[in-house]
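User: I am new to this structure. Please show me how to read its main features, one at a time.

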Amino acid sequence: IVLAGLYSCSIQKHLPEGEHLYNGAHISITKTEDNKEKSKPVKKMLKNITFPAKNKMILGYPYKVGLWYFIGEPKKQKGFHFWLRNRLGEPPVLSSKVDLQANSENMHAFLENKGYFKSAVSDSQKIKGYKMTAMYNVLLPKPYTIDSVQWVLDSSKLSTAILAIRKKNQYVKIDQQFDLEDIKAEGKRIDLALKNKGYYYFSPDYIKTYVDTTAGSYKANIFLSV
């Protein structure tokens with residue numbers, strides 16, 4: 001009975017005027033000619049940072065939204081009717097809740113942080129029936145790798161202590177792909193090592209990182225200072 005009612009219920013007629021049901025994000029990646037890296041892992045990471053998440057679906061049908069409308073609006077914000085609707089159904093994620101520009105900017109920032117400098121992201125929307133799909137086109141260049149890592153320090157005791165920290169377990173390594181998260185992790189590693197030497201009020205925020213990409217050949221030189 002529930003299934004019969006669910007499928008006979010037209011979701012479209014319940015949507016507010018001018019609204020569509022959000023059908024998720026579709027990401028299309030175009031690589032530059034010199035980029036030989038696989039794009040599938042990048043596409044998966046980009047899709048994970050899009051917002052909001054679409055409603056749960058089976059074979060393209062938003063069954064929880066169907067149940068949400070089929071059960072109907074409860075008279076009170078408590079009781080069995082209220083519990084049943086929120087337990088089995090879920091409110092529709094409307095197209096107006098999707099900020100295409102914000103998602104594009106987040107994607108671009110994410111790519112930059114992963115070393116894909118000079119990347120580009122454009123957005124649009126595709127409407128089919130009562131659903132709206134967010135479309136993102138990504139230009140993915142070859143990622144930059146680290147060519148050198150150098151500390152720029154003075155002659156203070158703090159500088160001597162930093163230079164004495166072992167490099168064996170450092171996160172920022174030559175020839176690996178540039179990644180802002182690795183740089184942050186390296187700052188925390190230096191901070192912990194300095195605290196073990198008595199610099200209790202040191203902070204990772206005191207470390208400044210400069211990235212020089214002018215060397216060419218998709219190489220980045222990293223300079224660290226306090």
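Analyst: Start with the elements. Helices (H or I, at least four residues) and strands (E, at least two) are DSSP runs, numbered from the N terminus. With that, a loop can be placed: Lys118 lies in the one between H6 and S2. Phi of Lys118 is near 65 degrees, a positive value in a residue other than glycine.

User: Where do the coordinates and numbering come from?
Analyst: This is a predicted model, where local features need pLDDT of at least 70, side-chain atom pairs count only at pLDDT 80 or more, and totals for chains, interfaces and linings use all residues. Residues are numbered from 1 along each chain as its sequence is written, and side-chain values use heavy atoms, with hydrogens and water left out.

User: How many helices and strands does the protein have?
Analyst: There are 8 helices and 6 strands. Read from the N terminus, the order is α-α-β-α-α-α-α-β-β-β-α-α-β-β.

User: What does the radius of gyration say about the protein?
Analyst: The radius of gyration is taken over C-alpha atoms, and the globule rule is 2.2 Å times the number of residues to the power 0.38. Here the radius of gyration is 25 Å, well over the 17 Å that the rule gives for 226 residues, so the protein is more spread out than a compact globule. Along its principal axes, the C-alpha trace spans about 80 × 45 × 25 Å.

User: Now the sheets. How do I read strand pairing?
Analyst: Strands of a sheet pair through backbone hydrogen bonds, either parallel or antiparallel. Two strands count as paired if DSSP finds at least two bridges between them. In one open sheet, 3 strands follow the order S1-S3-S2, with mixed pairing. S1 (21-31) and S2 (120-128) are at the edges with a single partner strand each, so one side of each has no neighbour in the sheet. From one strand to the next, the twist averages 20 degrees.

User: How many bridges join S2 to S3?
Analyst: The antiparallel pair S2 and S3 (residues 131-140) is joined by 9 bridges. For Ser122, the bridge partner in S3 is Asn137.

User: Which helices pack on this sheet, and at what angles?
Analyst: Two terms first. Contact means heavy atoms within 4.5 Å. Axes are lines fitted to C-alpha atoms, for helices over the stretch in contact, and angles run from 0 to 180 degrees between N-to-C directions. H3 packs on the sheet and touches S1 and S3, its direction making about 145 degrees with that of S1. H6 also packs there, touching S1, S2 and S3, and makes about 145 degrees with the direction of S2.

User: What is the order of strands in the sheet that holds S4?
Analyst: The order is S4-S6-S5, in an open sheet of 3 strands with mixed pairing. S4 (145-151) and S5 (208-212) are the edge strands, each pairing on one side only. Neighbouring strands are turned by 25 degrees against each other on average, direction ignored. S5 runs antiparallel to S6 (residues 219-225), with 5 bridges joining them. One bridge pairs Val211 with Ile222 in S6.

User: At what angle do H3 and H6 pack?
Analyst: H3 (residues 40-48) and H6 (residues 100-113) pack at about 135 degrees, with axes 10 Å apart. Angles under 35 degrees count as roughly parallel, over 145 as roughly antiparallel, 65 to 115 as roughly perpendicular and the rest as oblique. That makes H3 oblique to H6. Val42, Met45 and Leu46 of H3 make the contact with Met107, Phe110 and Leu111 of H6.

User: How do H4 and H5 cross?
Analyst: The axes of H4 (residues 63-71) and H5 (residues 79-88) come within 8 Å and cross at roughly 165 degrees. That makes H4 roughly antiparallel to H5. In the contact, Lys64, Leu67, Trp68 and Ile71 of H4 meet residues of H5 including His81, Leu84 and Arg85.

User: Which two residues does the cis peptide bond join?
Analyst: Phe51 and Pro52, with omega about 0 degrees. Pro52 lies in the loop between H3 and H4.
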